[in-house]
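The following explanation leads the reader through a single protein chain. Please keep the sequence and the coordinates at hand while reading.

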Amino acid sequence: MFFIKFHRIITPSRTLSRSLKTITNQSHTEQNSTHFGFETIPETLKQEKVNEVFYNVAKKYDIMNDAMSLGIHRMWKDYFICKLGPVVNTKLLDVAGGTGDIAFRFLNYVKEYDLKNCHVTITDINAAMLEVGKERSKVLKHDPELVSWQEGNAEHLPFTDNSFNAYTIAFGIRNCTHIDKVLSEAFRVLEPGGQFLCLEFSQLESSVAQWVYDQYSFQVIPVLGQLITGQWKPYQYLIESIRQFPNQKCFKNMIEEAGFRQVSYENLNLGIVAIHSGFKL
């Protein structure tokens, strides 16, 4: 809120004009700022700063995921794919999927249940993360006919309307500048009947559990980052970004506002993470 202090009963028009101009400029600045962790920055800089974070940790990203979550992230992602429940002819777009964790689980599911005519497209704005994923895919000997890679921004996807019948994004949407644009793009590229599924850190159901989790997050995770990757700041940002992300109910409302129906969420581990689901109907 802004206040203009009047020293006289009648304020000279020039002074009033200058004050109003200051208010307008400040309002404009606020409207074009965003958060990078707990830091407020111009929104035009966020993507560059996020890219730098993931470029710096790309090669040891998966190792850190194991260390931070004590390996539990693997179970979250396994369950996430079970919630998706791929079927014959599933055309999946995995967004912010650089290192392939979700896509590879999808491919394993397809192989296990012998699902025909399935394909996954992995897109990520960070080329370094995609390169890590491609190398992992070669080592795992995935069929190149079943997976493709595309560098792209989740807010401006390089795909035509109604191109996929499933869309996943895991631990990526909170790093985007405009969450509403990400959701809008997800709705656009899905065909009618397609499912949106998001796995993301969230808010715990218990205030006591949240306090304990916060102590672990802020006191331990950056230290692990420094020891394992030689990077402290990227992991300081990552835990701060979790606290800035909308809670479960707010995010559910955002998904509905993007046009999705039958929107729901499920908390895992008391709400450390949540799976959000919606359909384009």
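In which helix does Val212 lie? Val212 belongs to helix H8, which spans residues 207-229. The model discussed here is a predicted one. Together with Val208 and Trp211, Val212 makes a nonpolar surface patch of about 340 Å². The relative accessibility of Val212 is 47%, and Val212 therefore counts as partly exposed, since that class lies between 20% and 50%.

From this patch the account turns to the chain as a whole. Its secondary structure consists of 10 helices and 9 strands. Of the 281 residues, 45% are buried. The accessible surface amounts to about 14,900 Å², and carbon and sulfur atoms contribute 55% of this area. Among contacts between residues at least 6 apart in sequence, 73% connect residues at least 24 apart.

The sheet is the next element to follow. Seven strands form an open sheet in the order E5-E4-E3-E6-E7-E9-E8, and their pairing is mixed. Its edges are strand E5 (147-151) and strand E8 (261-268), each of which pairs on one side only. From one strand to the next, the twist averages 15°. At the E5 edge, strand E4 (residues 119-124) pairs with E5 in the parallel sense over 5 bridges. Within this region, Asp124 has Glu151 in E5 as its bridge partner.

Two helices can be placed relative to these strands. Helix H5 (residues 101-112) packs on the sheet and touches strand E3 (91-95), E4, E5 and strand E6 (164-170). The direction of H5 makes about 175° with that of E4. Helix H10 (residues 248-257) lies across strand E7 (190-201), E8 and strand E9 (273-279). Relative to E8, H10 runs at about 155°.

Charged side chains add a further layer to the description. The salt bridges come to a count of 13. One of these joins the side chains of Glu200 and Arg174, with an N to O distance of 2.7 Å. This pair links distant parts of the chain, as Glu200 is in strand E7 and Arg174 is in the loop between E6 and helix H7 (179-189), 26 residues apart. Glu200 and Arg174 are both buried.

Other salt bridges lie within a single helix. In helix H7, Arg188 and Glu185 are 3 residues apart, about one turn of the helix, and their side chains meet in a salt bridge of 2.8 Å, N to O. How are the two partners classed, buried or partly exposed? Arg188 has a relative accessible area of 22% and is therefore partly exposed, whereas Glu185, at 11%, counts as buried because its value is under 20%.

Helix H10 contains a salt bridge between Glu256 and Lys252, whose closest N and O atoms are 2.9 Å apart. These two residues are 4 positions apart in H10, so about one helical turn separates them. Glu256 is partly exposed, with a relative accessible area of 30%, and Lys252 is partly exposed as well, at 23%. Elsewhere, Lys77, Asp101 and Arg136 are linked in a network of salt bridges.

Notes
Residues numbered from 1 in each chain as written. Predicted model: local features only at pLDDT ≥ 70, side-chain atom pairs only at ≥ 80, totals over all residues. Heavy atoms only, no water. Pairing = 2+ DSSP bridges. Axes fitted to C-alpha atoms, helices over the stretch in contact; angles between N-to-C directions. Contact = heavy atoms within 4.5 Å. Patch = residues over 30% accessible without salt bridge, like charges linked within 9 Å, V, L, I, M, F, W, Y side chains within 5 Å. Areas by Shrake-Rupley, 256 points an atom, 1.4 Å probe, with all protein chains shown as cover. Salt bridge = Lys/Arg side-chain N within 4 Å of Asp/Glu carboxyl O. Buried < 20%, exposed > 50% of the residue type's maximum accessible area, 1.4 Å probe, protein only.
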